[in-house]
Every structure is written in structure tokens, then in C-alpha cells.
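Trainee: I would like to practise reading a model with you. Could we go through it step by step?

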Amino acid sequence: MTAPHRTSIVIFGIAIFFLGFLYDARFSGLPYQDPTPAMQADWLFHGMIAAWIMRTGAAIALVGVLWAGLARLKGRR
């Protein structure tokens with residue numbers, strides 16, 4: 001792959017991370033001060049999903065950065 005494809009992988013990972021952040025803001029948000037057990041469970045569930053999405057995006061971006069760095073060290077551009 002050429003360098004633009006590696007850059008695309010990094011941008012794709014950052015976009016997924018941002019979507020996870022938006023999911024967190026939309027569905028999880030800030031908890032109520034004294035939530036019911038059902039509200040607390042719902043908040044925790046959506047918070048875990050948002051964290052999983054953000055970790056996935058960060059991992060994809062990291063793979064793209066490492067791939068580009070290794071290719072650069074090997075002299076391929």
C-alpha cells in the first residue's frame with residue numbers, strides 16, 4: 001500500500017473514536033445525581049459500548065501510525 005492508504009487508516013481510526021465519543025455523549029452522557037437502578041444499569045451499559053467503540057478506533061489509528069512508521073523506517077514511501 002502506498003502512504004495515502006496508511007493515512008486513510010489513521011483517519012478512519014480517528015473517525016471511529018470520534019463516533020464513540022458522540023455515542024457516549026448521546027446515549028450515556030452524565031449520570032443523574034440519584035438514578036434508579038434501571039437508569040444506572042442503562043448508563044453503565046451505554047458507557048461500556050462507547051468505551052469499546054473508542055478503544056477500537058484508537059487501536060485502528062495506532063495500527064495505521066505504526067504501519068506508516070515501519071514503512072518509513074524500511075525506506076518504502
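Mentor: Happy to; what follows is a short set of questions and answers on this predicted model.

Trainee: How many helices and strands does the chain have?

Mentor: Let's start with the secondary structure. One of the elements is helix 1, which covers residues 3–28. The full tally is zero strands and two helices.

Trainee: What is the radius of gyration of the chain, and what does the globule rule give?

Mentor: For 77 residues the globule rule gives 11 Å, and the chain is well over that, so it is more spread out than a compact globule. The C-alpha trace fits this picture, spanning about 60 × 15 × 15 Å along its principal axes. The radius of gyration itself is 17 Å.

Trainee: Which residues make the nonpolar surface patch of about 410 Å²?

Mentor: Take Leu22, which sits in helix 1. A patch residue needs over 30% relative accessible area, and Leu22 is partly exposed at 39%. Together, the patch members are Phe18, Leu19, Phe21 and Leu22.

Trainee: Is Phe27 buried, partly exposed or exposed?

Mentor: Phe27 also belongs to helix 1. Buried would need under 20% relative accessible area and exposed over 50%. Phe27 has 43%, so the class is partly exposed.

Trainee: What share of the contacts with a separation of 6 or more comes from residues 24 or more positions apart?

Mentor: Here we look along the whole chain, where 18% of the 77 residues count as buried. Among contacts with a separation of 6 or more, the share from residues 24 or more positions apart is 79%.

Methods. Residues numbered from 1 in each chain as written. Predicted model: local features only at pLDDT ≥ 70, side-chain atom pairs only at ≥ 80, totals over all residues. Heavy atoms only, no water. Patch = residues over 30% accessible without salt bridge, like charges linked within 9 Å, V, L, I, M, F, W, Y side chains within 5 Å. Areas by Shrake-Rupley, 256 points an atom, 1.4 Å probe, with all protein chains shown as cover. Salt bridge = Lys/Arg side-chain N within 4 Å of Asp/Glu carboxyl O. Helix = DSSP H or I, 4+ residues; strand = E, 2+ residues; numbered from the N terminus. Buried < 20%, exposed > 50% of the residue type's maximum accessible area, 1.4 Å probe, protein only. Rg over C-alpha atoms; globule rule 2.2 N^0.38 Å. Contact = heavy atoms within 4.5 Å.
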